[in-house]
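Please look through the sequence and the three-dimensional model below before reading on. The paragraphs that follow lead from strand pairing to the core and then to individual side-chain pairs.

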Amino acid sequence: QVQLVESGGGLVQAGGSLRLSCAASGNIFTINAMGWYRQAPGKQRELVATITSSGSTNYGDSVKGRFTISRDNAKKTVYLQMDSLKPEDAAVYYCNADGVEFGAVSGADYWGQGTQVTVSS
């Protein structure tokens, strides 16, 4: 099993910043892409940002230029620096990892439990 544990969510004023972290642990052979998704009440889960093991990044259009994703492969941790936050950024943010467990014949998709981000106007 692979576990993803997020931290860093909370309440921030519009224009402020937050940094989310997500650490992977468990029976991990390798982790490929890692990323962040978010889901606001009544809306579908959407892409925030992803990063490959080599550092290539991809961002959702609504966060480009404001959010930065990074990762520490040695720590099996992915980060999301969120700047210039807007009320519409409020959502539950979920960590995602595409990984392979020891002894597995193929990879799998793993999700964290989510962390709440609230942005006051």
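Which residue of β8 does L18 stand opposite? L18 stands opposite M82 in β8, and here, as throughout, strands are DSSP runs of E with at least two residues, numbered from the N terminus, as helices are from H or I runs of at least four. This is a predicted model, in which local features need pLDDT of at least 70 and side-chain atom pairs count only at pLDDT 80 or more, while totals for chains, interfaces and linings use all residues. Residues are numbered from 1 along each chain as its sequence is written, and side-chain values use heavy atoms, with hydrogens and water left out.

The strand β8 has pairing partners in β3 and in β7, where two strands pair if DSSP finds at least two bridges between them. β3 and β8 run antiparallel and are joined by six bridges, and β7 and β8 also pair in the antiparallel sense over six bridges. M82 is the bridge partner of F67, and M82 is also the residue that L18 stands opposite. The hairpin of β7 and β8 has four residues between the strands, and K76 takes a positive phi near 55 degrees there. Five of the six residues of β8 are buried, a term that means under 20% relative accessible area, with exposed meaning over 50% and partly exposed in between (1.4 Å probe, protein chains only).

From this covered strand one can turn to the core. The largest nonpolar core, a set of buried Ala, Val, Leu, Ile, Met, Phe, Trp, Tyr and Cys residues joined through side-chain atoms within 4.5 Å, has 30 residues, and those with the most contacts inside it are W36, L80, M82 and Y93. Among the strands that each supply at least two residues of this core are β3 (18–26), β4 (28–39), β8 (77–82) and β9 (91–101). Y93 touches, among others, L20, W36, F67, L80 and M82, not counting residues up to four places away in sequence, where contact means heavy atoms within 4.5 Å.

A covalent link also involves β3 and β9: C22 in strand β3 and C95 in strand β9 form a disulfide, defined as a pair of cysteine sulfur atoms within 2.5 Å. Their sulfur atoms are 2.0 Å apart, the two residues are 73 residues apart in the chain, and both are buried. With -80 degrees about the S-S bond, the link is left-handed.

Strand β9 pairs with β10 in the antiparallel sense over four bridges, and D98 stands opposite D109 in β10. These two strands form a hairpin with six residues between them, and G103 in the turn has a positive phi of about 85 degrees.

The model has two aromatic pairs, counted when the rings of Phe, Tyr and Trp (its six-membered ring) have centres within 6.5 Å, with planes under 30 degrees apart counting as stacked, over 60 as edge-to-face and the rest as tilted. The rings of F29 and F102 have their centres 5.4 Å apart and their planes at 70 degrees, so this pair is edge-to-face. The rings of Y37 and W111 have their centres 5.2 Å apart and their planes at 65 degrees, so that pair is edge-to-face as well. W111 is partly exposed, with a relative accessible area of 35%, and the charged end of R45 sits over its ring, 4.7 Å from the centre, the criterion being NZ of Lys or CZ of Arg within 6 Å of the ring centre and within 35 degrees of the ring normal.
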